[in-house]
Structure formats: C-alpha cells, structure tokens
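Here is a short set of exercises to work through with the model open beside you. Try each task yourself before you read its solution.

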Amino acid sequence: MTKVVIIGGGPGGYEAALVAAQLGADVTVVDRDGIGGACVLTDCVPSKTLIATSVRSTYIKDSPDLGINVGGATAEGGACSVGIDMRKVNDRVKRLARAQSEDTAARLVKEGVEIIPGEGRLVDPRIVAVGERRITADVVLVATGAHPRELRTAKPDGERVLTWRQLYDLEELPENLIVVGSGVTGAEFANAYQGLGSNVTLVSSRDRVMPTQDADAAEVLEGVFRRQGMTVLGNTRAESVVNTGDGVLVTLSDGRTVTGSHCLMTVGMIPNTDGLGLEEAGVRLDRGGFVQVDRVSRTSTPGVYAAGDCTGVNMLASVAGMQGRIAMWHALGEAVSPLKLSTVASTVFTHPELAAVGVSEEDVRSGRVDARIVNLPLDTNSRAKMNNSKDGFVKLICRQHTGIVLGGVIVGPRASELILGVSIAVQQRLTVDEIAHTFAVYPSLSGSVTEAARSLMQASPE
Ligand SMILES: Cc1cc2nc3c(=O)[nH]c(=O)nc-3n(C[C@H](O)[C@H](O)[C@H](O)COP(=O)(O)OP(=O)(O)OC[C@H]3O[C@@H](n4cnc5c(N)ncnc54)[C@H](O)[C@@H]3O)c2cc1C
C-alpha cells in the first residue's frame, strides 16, 4: 500500500487526501491550524460569509427603489437605516468557519485518513517530522498555504491596524476604514464594509482598482464604489500606518496623510515554506519562496509534490484543490490531465460580482490571441431592470474564424453562478453558434450570455 503524507490540511491538502484515500492509499494529513486551512478558517469562507451579510444589507438599503419602505425610509425619499450588530456578524462568521472545518475533518476521518495535529517538516524526501514523531512516506505532498505580507512600517496590531485574519475579532463596525491595497482582497473587503455602513477609503498603488482584472469590469466596479461614497486614492502607496490610540494615521508615498478609525492591510501573500526543510530535500523554490511545480504538481525532488498557495500558481481554493487531486492521480499511477490554467473560473465577490474565465480582452488586444469580442451591457437585460440591477455586462470572447468560445467576463449579481455556462463552453470548446442555439430562460440574466453569443455569430460565406 502506498503511504502518502500530506503537510497542510487546506483545499490543496484535503482534496488530495480524499483522492488518495479513494485510490486505496494509506493517507496521513499533518495540519497545524485546523482542517480546511486558511481557506476555511480565516480567508475564503469567513470573507464570503461577511460579504453575504453586507450584500443583504445593501439590498435592504436599496429597497425603497422597489417600493418597500423599511425602518426610516419615507415615500419622499428619506433613506432607510440598517443596523449592523458586528459582534453577531463576526460570531456567525467564526461559527460557520469552525463548523465547516469540523465537517471537512469528519469527512477525512470517515474516508480513513489519519489526521495528525501539529507542525510538519521534511527531514528527508521520504520522512516527515512532527515534533519527535517521524512518519515515513512513499509520496509527500506539501500544501502549506501562505500568510499575509506585512510592511515593516505598518505592523498589524490586531486592534486598529489589521490583516484580514484579524477582522473577525472586531466588536464594532469600523467607522472610518482605510483599506491599503486594491487587489481582489482589498476590493472585496472595501466593498463589504461599505455595504455594512463604514466610511471607506481605498488606497491603490495603480491608476485603477483591481489591476489584474478585466479593465472594463474594474472600471464598472470602481464607478459603483465611488457612487456609493467610497474614496479611492489612486497611484499612491501607504508608506506607514500608525495606531494613534483612538484611530490610525496613514502616510502616503505622495506625502499626503489619511486618518481613519481602522486600517486593513491587503498587500499580498508570503508562502509558508520557511523552515519546512524543503531546500535541504532538494525542492526548488523561486525568489519569492514559492515551491516550483510542473503542471502535474511535481517539485524538483522525485516523490515530493506541492499544491495550492505555497506554489503561487493562481492562488485560488479551486486551483489548490485541483493541483492536490492531480498530484495524487499522478503519484498513484492514474491517467491525469495536466493543470490547465486557461480554463480556471474566478470571481471577485464584490456587489455586483465580477466573474471571469479563460482568455482575456488584454490577450486579444495585445495580439497574443486572434479573437472577436462582444460586450453587452446588463442594462439592456429585462431581468436586470426588474431586479433594479443597473451595473454590469456580459463579455464573450471567441476565436476569430471558428467561433470557439475562449473566454468571458460577467459583472452582475451572482456572476459567480452565471459564469458556469461560459466555463463549460470554454472547457468543452463550444462555439458561439452552439451557445446561441441553447435555450435560456426568459427573463433571466443568463439570457445575456446567449444574446452575446448570438451577436458573435457570423453570416456564413455566400
Ligand atoms: C481574504 C481571502 C479571500 C479568498 N476568497 C477566495 C474565494 O472566494 N475563492 C477562492 O477560490 N479562493 C479564495 N481565496 C484564496 C484561497 O483562500 C486560497 O487559495 C486557499 O486557501 C489555498 O489553499 P491551500 O490548501 O494552498 O492553503 P491554506 O488554505 O492556506 O491551508 C494551508 C494549511 O496548511 C497548514 N500548515 C502550514 N504550514 C504547516 C506545517 N509546517 N505543518 C502543518 N500544517 C501546516 C496551515 O495551518 C493551513 O491549515 C481567498 C483568499 C483570501 C486571502
């Protein structure tokens, strides 16, 4: 029986463990902080739970537009007030995360996986140490994740200068929240706290928010943020953040200062690869300390695989899980397709959401891909109008001559769910004609996907 030892119980680790157990291996997961990993306990699951409260609160605030007057709203247009009990919100977030972690651990145990709580490290490519204990392995998977990057001049203190992992201990809603970093994490939290009622200032080092996302989508979302009262400071960095006792003082690279009640730092991730014995075991790391892997999750040391955020490959829970599964299929001799990043679907959970898959408009504009693009604003969609959803679009990208769907971007409510149709098209290499001939419900937001496909159909040559 093949002995598999997995260091790290996040999606990279636990998804791998489930596959290895299913294939009959003897599987041990060593985990330091709780099964489910940072994904379940501090990052993805808590943030999306908080966002669920924020979105609900935004809908309530918008309800006078639909003729519903809630607590304080008047027919004359007086705004309705929504009260947020931050302690209750955060209790729910933490309870839900813990329950999800326990469910995942129970599932592993049910499948026969042994869980060893503790910190693991390689003593050689076939031996993992946990304290005094030595576990021998035929196959090792490193799935240790990553942690928030900190700036020397803006040290999080857990009280007013915070990482996203410290937010859920707040007992009150931050009155004036400064979010440093306008990547996906910064944008999600800035928008979430704005929805909950904080005054938010977002500090972006670039000229627009979410520089790695589709430019049109980022523009729509920045417009929504500003319209709802967020201050977005572009082209500047936080040089330092100081807790002044009753607030925070943020000094920007252009000399300006901003004051607030709290500051959330979202300035990147550092892989958890220090002190793991990786380099001593011959595992190559890149300059940032990320484990270098190929598309079947192999490291430079035979028998040692790696998955998830510690590899720096498209740092998403879904990708971590896929890398972990691929590693086990490969290690245990199953047929396996290498990881294909061009089919990864992702979402920014702002309100509205931004979901994307496949080739980007930037790939087309730069000439890397020969394709046609259509961008259909959501305000032409009857369901969007009924729902009072004013912001968003469906963008579809297909190969120039064949019409094969290569990618898409959706900005709109529940874009995270709507993108599946486009993902299936990209994965299965469907053409725009095939999508155009698919029934969408009327009225529905998905109707905009089929309509976008229709507008990309070309008349057949005479
Ligand atoms: C705020 C935020 C929101 C996010 N939202 C989403 C989202 O909506 N969708 C999405 O797909 N992705 C999201 N992500 C990304 C997602 O959380 C990560 O990609 C995912 O957690 C990576 O999984 P992983 O298994 O590599 O690592 P992790 O989830 O970090 O798990 C690693 C585990 O390894 C353990 N560990 C570390 N070192 C050791 C050691 N030496 N010994 C034993 N155990 C060890 C850790 O304690 C941890 O339990 C979000 C990230 C952030 C920061």
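The exercises below go from domains to sheets, a core, a helix and some unusual backbone spots.

This is a predicted model, in which local features need pLDDT of at least 70, side-chain atom pairs count only at pLDDT 80 or more, and totals for chains, interfaces and linings use all residues. Residues are numbered from 1 along each chain as its sequence is written, and side-chain values use heavy atoms, with hydrogens and water left out.

**Exercise 1. Find the domains into which the chain is divided.**

Step 1: Take the bounds, which come from an automatic or database domain assignment. Domain 1 is made of 3-44 + 90-148 + 270-341, domain 2 covers 161-267, and domain 3 covers 352-458.

Step 2: Place the C-alpha centres of domain 1 and domain 3; they lie 35 Å apart.

**Exercise 2. Work out the strand order of the open sheet with parallel pairing.**

Step 1: Use DSSP runs for the elements, numbered from the N terminus: helices are H or I of at least four residues, strands are E of at least two. Two strands pair if DSSP finds at least two bridges between them.

Step 2: Read across the five strands, which gives β9-β16-β10-β11-β12. At the edges are β9 (161-162) and β12 (231-233), each paired on one side only.

Step 3: Look at one edge in detail. β9 runs parallel to β16 (residues 262-265) and is joined to it by two bridges, with leucine 162 opposite leucine 264.

Step 4: Add the helix that packs on this sheet. Helix α5 (residues 184-196) touches β10 (176-180), β11 (199-203) and β16, where contact means heavy atoms within 4.5 Å. Its direction makes about 165 degrees with that of β11; axes are lines fitted to C-alpha atoms, for helices over the stretch in contact, and angles run from 0 to 180 degrees between N-to-C directions.

**Exercise 3. Do the same for the open sheet with antiparallel pairing.**

Step 1: The order of its five strands is β19-β20-β23-β22-β21.

Step 2: β19 (345-348) and β21 (371-377) are the edges; each has a single partner strand, so one side of each has no neighbour in the sheet. From one strand to the next, the twist averages 10 degrees.

Step 3: Inside the sheet, six bridges pair β20 with β23 in the antiparallel sense. Glutamate 353 has glycine 412 of β23 as its bridge partner.

Step 4: Helix α6 lies across β20, β21, β22 (393-399) and β23, and runs at about 175 degrees to β22.

**Exercise 4. Locate the largest nonpolar core and explain where it lies.**

Step 1: Apply the definition: a nonpolar core is a set of buried Ala, Val, Leu, Ile, Met, Phe, Trp, Tyr and Cys residues joined through side-chain atoms within 4.5 Å. Buried means under 20% relative accessible area, exposed over 50%, and partly exposed in between (1.4 Å probe, protein chains only).

Step 2: The largest core has 35 residues, and those with the most contacts inside it are Leu50, Leu167, Phe189, Tyr193 and Leu354. Among the elements that give two or more residues to this core are α3 (44-62), α4 (86-110), α6 (215-227) and β20 (353-358). With six residues, α5 gives the most.

Step 3: Both domain 2 (161-267) and domain 3 (352-458) give residues to this core, so it lies between them.

**Exercise 5. Check the length and burial of α5.**

Step 1: The expected span of a helix is 1.5 Å times one less than its number of residues. The 13 residues of α5 should therefore span 18 Å, which agrees with the 18 Å between its end C-alpha atoms.

Step 2: Eleven of the 13 residues are buried, so α5 is largely enclosed by the rest of the structure. Among the buried ones are Glu188, Phe189, Asn191 and Tyr193.

Step 3: Glycine 197 follows α5 and has a positive phi, near 120 degrees.

**Exercise 6. Find the backbone exceptions to a general rule.**

Step 1: Recall that most residues other than glycine have a negative phi, and most peptide bonds are trans.

Step 2: The bond from histidine 351 to proline 352 is cis, with omega near 5 degrees; proline 352 sits in the loop between β19 and β20. The bond from tyrosine 442 to proline 443 is also cis, with omega near -10 degrees.

Step 3: Methionine 210, in the loop between β11 and α6, has a positive phi near 45 degrees. At 0% relative accessibility, methionine 210 counts as buried.
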